2 protein chains.
Amino acid sequence: MRTVLFAEILQQPAVLSRLVTQRRAAAFDAAARVRAFDPEWMVIAARGTSDNAARYAQILFGVRHRLTVALAVPSLCTIYDSAPRMRRALVIGISQSGRSPDVISVIAAGRQQGALTLAITNDPGSPLAAAAELCLPIEAGEERAVAATKTYTATLAALAMLSAAWIDDRESWGQLHALPAAVEGALAAAGDAEEAAHRLRGAERFLVLGRGYQYATAHEVALKMKETADVLAEPFSFADLMHGPVALVKPGLAAVLVAPRGRADADAERTATLLEERGSAAVVLTDRPELARRGVARLPAPPEVPEWLSPIPAVVPGQLFAHALAQARGLNPDQPRGLQKVTLTR
Amino acid sequence: MRTVLFAEILQQPAVLSRLVTQRRAAAFDAAARVRAFDPEWMVIAARGTSDNAARYAQILFGVRHRLTVALAVPSLCTIYDSAPRMRRALVIGISQSGRSPDVISVIAAGRQQGALTLAITNDPGSPLAAAAELCLPIEAGEERAVAATKTYTATLAALAMLSAAWIDDRESWGQLHALPAAVEGALAAAGDAEEAAHRLRGAERFLVLGRGYQYATAHEVALKMKETADVLAEPFSFADLMHGPVALVKPGLAAVLVAPRGRADADAERTATLLEERGSAAVVLTDRPELARRGVARLPAPPEVPEWLSPIPAVVPGQLFAHALAQARGLNPDQPRGLQKVTLTR
């Protein structure tokens, strides 16, 4: 069965190609303002899928700009009337619709204090875009599926473009222009995703594990699985797993190991060994053949993607897996129970 | 069956009483240094249970001191060799053992940069205490159970003491001195916890829901359940629930609603209604009788605790529930599978 969700997963190379070419100037404009402001640190307000994009920003701006990115606690603004001081911070609001009141309230508080504020949204006419001083539109076109896919990868790309324009190096932009082809390559995982879903269709409890640049990917794959496939899938870093949740690992608890080649390789291998030793059925998402062989199923990630951009193609096999798992479990991935496309929370 | 874990849960009033009286001067010394440093923002490095204490700090220092608390991304220091700039931050490391290399590495990086660094630990002779400029020992005594309980509430109390000394008001200290009695009162939930565990003993998938001051409590109760009771229990704020995971809510998915009286009451009521309408079996942890009646089981929280301290007694019925659920499922809560007391991660 072809779904709206599947169609939007397939649109991702085209969306990214449009974004990287058409919004390059906007990224440079925003970066010039950011450079002049010279933030001491960053705050990002976001919910759901957009919050997972914020997790990518934590490692991206940490590694490439040596900045700490705090995930905002919106209830400070909306429930406790205590907006924290953000005067020396770059404050970013991420929302596909640009309409969630909690995200807008953090941006409004930051702007009032004199922080530099930036909206990343799919709707440049939204209240969020109006509330922020700067706006980077993600150019994803209308997203009809309730589960966000193309707006997630486009948001990650917008953050990466801001970083590339901020550093202003040729190499980064060359790598960004190669991104649509890498995401196209990642779509080849569709067949493997169906096999993995068939193999794991009886599982209802998953851990989804990743670290460093792939911590965000683990969160986003887990969210897609919860939204569409009616399975409880909880994300952890390889390190956090060892501080408690490891007690759950045994036959009967499935796992998705998100481990494209990168600086966390050694941790990923130790985690694969742990899953094997304890008999947990693992799906391994990687471009490393020797690691892929250690799971009961594999999701191929495209090879030779620079690590700072790798979360963008790496999430695609995970999206395909969540979609296939929903169908293997007899569900329609276009109809998550009781979820609307636009969620307004305070 | 009496367990080490249960014995340590019972020790909590005595630990808190000792901490609040014996370490008041240490809290004032640390607060004087913090006030003189005048941080722009805060960073906390922690793992597992200590990371949940950091989530309490996010709301505590946000509401009472208007500061943003960023949870550190240790892999920036340990895997990517890119310690972020923290020059104007108060950097806190929380670790029961004081020995996890990742937490120490963040403190070391902060201190080298000239940030003010503080260790909160159960071992003032630990490497973490040595790495930080300031130390607040939590005075919990040896913790033998693998699942941390008394060190969690003592860490929360140490953070609250820092806040009280920083503000330096009589009212806060009066409330802190009343805390051991409130925790004593919370222990009366033991019978209800056994009933709730008996009622839910067949459930293997839980959402654990809380917001604002109780977001940390939801995380910590979920972690105790995963560590001891072999159930997958994922924590969400009431708001994050609506951005995706709500698709899972139906009969067959159980829930724990953490909702002592507070500013998030209206959100808690909406969430209770949602759980009822969708037929999810909910255990309700609250001091509000009308809300308690809306679950299939209840965990009484002690009444009349000021909201800023309420997460300390509120976690206790959750600890008792996790312990009882493990026993109801035929497990020994003192022996989580493959978990050691001290976990060293990079």
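Reader: By what turn can chain B be laid on chain A?
Author: This is a predicted model: local features need pLDDT of at least 70 and side-chain atom pairs pLDDT 80 or more, while totals for chains, interfaces and linings use all residues; side-chain values use heavy atoms, without hydrogens and water. Residues are numbered from 1 along each chain as its sequence is written, with chains lettered from A and ligands numbered from 1 in the order written. With least-squares superposition on C-alpha atoms of residues with pLDDT of at least 70 in both copies, the RMSD is 0.0 Å, the shift along the axis 0.0 Å and the turn 180°.

Reader: What relation is that?
Author: Two copies of a chain are related by a rotation about an axis and a shift along it. Here, the relation is that of a two-fold axis.

Reader: Which helix gives the largest share of the largest nonpolar core?
Author: Such a core joins buried (under 20% relative accessible area, 1.4 Å probe, protein chains only) Ala, Val, Leu, Ile, Met, Phe, Trp, Tyr and Cys residues through side-chain atoms within 4.5 Å. This one has 99 residues, with Tyr56(B) and Phe321(B) among those with the most contacts inside it. Helices are DSSP runs (H or I, at least four residues), numbered from the N terminus. Twelve core residues come from chain B's residues 150-167, helix α8.

Reader: How are α4(A) and α12(A) oriented to each other?
Author: Their axes, lines fitted to C-alpha atoms over the stretch in contact, lie 8 Å apart at about 165°. Angles run from 0 to 180 degrees between N-to-C directions, and those over 145 count as roughly antiparallel. The two helices are therefore roughly antiparallel.

Technical notes: Buried means under 20% relative accessible area, exposed over 50%, partly exposed in between (1.4 Å probe, protein chains only). Angles under 35 degrees count as roughly parallel, over 145 as roughly antiparallel, 65 to 115 as roughly perpendicular and the rest as oblique.
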